[in-house]
Protein chains: 2
Amino acid sequence: MPLPQTEMPGRLQAHFAERGIRITQQRRAILQVMETASKHLDASQLLRKAKKIDASVDRSTVYRTLRLLKRQGLIDELDLMHLNGEKHYYERKLNRDHIHMACLRCGKIMEFVSDVFETLKGEVEKDCRFHIVVSRLEIGGYCASCSK
Amino acid sequence: MPLPQTEMPGRLQAHFAERGIRITQQRRAILQVMETASKHLDASQLLRKAKKIDASVDRSTVYRTLRLLKRQGLIDELDLMHLNGEKHYYERKLNRDHIHMACLRCGKIMEFVSDVFETLKGEVEKDCRFHIVVSRLEIGGYCASCSK
DNA sequence: GCTATTGTCGCAACTGGTCGCAACTGCAAT
DNA sequence: ATTGCAGTTGCGACCAGTTGCGACAATAGC
């Protein structure tokens, strides 16, 4: 029983190869970080980690590679309600879309998977005749322990 | 039959007064623009329009006032899926949350109101014991005429 | 293996948004 | 009308992200 495709190690590199996207030293370093990282990396963390593998990696290459990954549907970009300024966070796209909830007081990030979300997307596709490629639902508020 | 509160002219100023938030020349100019503007203004458009009313308005005052309005729950901030770079768009909050759909090909922005969305938020509040303050659902994809 | 092609890279300059600070202003109390 | 002062402002410096361009490197064809 194989793992779901998006969970396989080296999957991002493989995806590039399959689609004839050039694999460079710098991209290899960046993909490697994305693949082994825990969730919610921001661009500067990603740059720092990638530089440890290949010191020549530049800021703009990180951003260009992130854009590429977004367009290929391999990662999701999150704001996390701008809790920490304007920066963005990235995570590998898994099989199931999930909602991100950010606590405005303690900063905790929670995730939630819901069938109702899938229903909602279905409704949009049908009622608006709109073909969904990416979707992002972010909620800001107070978590159970902060809302007392 | 009065209009819904959030539609009333001068409503933003009135809200400030009610909550004892200081009304300055610069804020008056910015609120006036927000109140009379059509939807989806970005910060630089807002700055340009506000400067026509009060030339002393500075970039950072615009951003600070937007942050204030966000925190007061009077406006919503949108990315519109970063179709035009990184900038954000702002609109006055109406009574009903709505979803924004951005066509990745023609750039058209559509809005959609759904009971399912309300259900979903209810589910999050209940299942996660999370008190929602703001929510943002943005969808990128292809509109009816572009997906042919 | 060598070369031509074409895509990618690093760099520097730019836009969008934030922050610290000294100067200023709205407003309430006199 | 004057004063006092917390809250607000403009400014300059900064951080996050993008872009144009000449140099360079990954691949395809030989």
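These are my notebook entries on chain A, its helix α5, and the partner helix in chain B.

**Entry 1: getting oriented.** I am working with a predicted model, so I keep that in mind throughout. I began with chain A and looked up its elements: there are five helices and six strands. Reading from the N terminus, I wrote down the order as α-α-β-α-α-β-β-β-β-α-β. I also noted the span of the C-alpha trace of chain A along its principal axes, about 50 × 35 × 35 Å.

**Entry 2: two helices across the chains.** How do α5(A) and α5(B) run relative to each other? Helix α5 covers residues 115-127 in chain A and residues 115-127 in chain B, and I found the two packed at an angle of about 165 degrees. Their axes are 9 Å apart. Angles over 145 degrees count as roughly antiparallel, so that is what I call α5(A) and α5(B). The crossing of these two helices is left-handed.

**Entry 3: who meets whom.** Next I listed the residues in this contact. From α5(A) come V116(A), F117(A), T119(A), L120(A) and E123(A). They meet V116(B), F117(B), T119(B), L120(B) and E123(B) of α5(B). Sorted by class, the contact has six nonpolar, two polar and two charged residues.

**Entry 4: looking at the rings.** F117(A) was on my contact list, so I checked what lies over its ring. I found K121(A) over the face of F117(A), 4.8 Å from the ring centre. In chain B, K121(B) lies over the face of F117(B), at 4.8 Å from the ring centre. How many aromatic pairs does the structure hold? I looked over all chains and the count is zero.

Key: Residues are numbered from 1 along each chain as its sequence is written. Chains are lettered from A and ligands numbered from 1 in the order in which they are written. This is a predicted model: local features need pLDDT of at least 70, side-chain atom pairs count only at pLDDT 80 or more; totals for chains, interfaces and linings use all residues. Side-chain values use heavy atoms; hydrogens and water are left out. Rings of Phe, Tyr and Trp (its six-membered ring) pair if their centres lie within 6.5 Å; planes under 30 degrees apart count as stacked, over 60 as edge-to-face and the rest as tilted. A charge sits over a ring if NZ of Lys or CZ of Arg is within 6 Å of the ring centre and within 35 degrees of the ring normal. Axes are lines fitted to C-alpha atoms, for helices over the stretch in contact, and angles run from 0 to 180 degrees between N-to-C directions. Helices (H or I, at least four residues) and strands (E, at least two) are DSSP runs, numbered from the N terminus. Angles under 35 degrees count as roughly parallel, over 145 as roughly antiparallel, 65 to 115 as roughly perpendicular and the rest as oblique. A crossing is left-handed if the near helix is turned anticlockwise from the far one by less than a right angle, and right-handed if clockwise. Contact means heavy atoms within 4.5 Å. Ala, Val, Leu, Ile, Met, Phe, Trp, Tyr, Cys and Pro count as nonpolar, Asp, Glu, Lys and Arg as charged, and the others, Gly among them, as polar.
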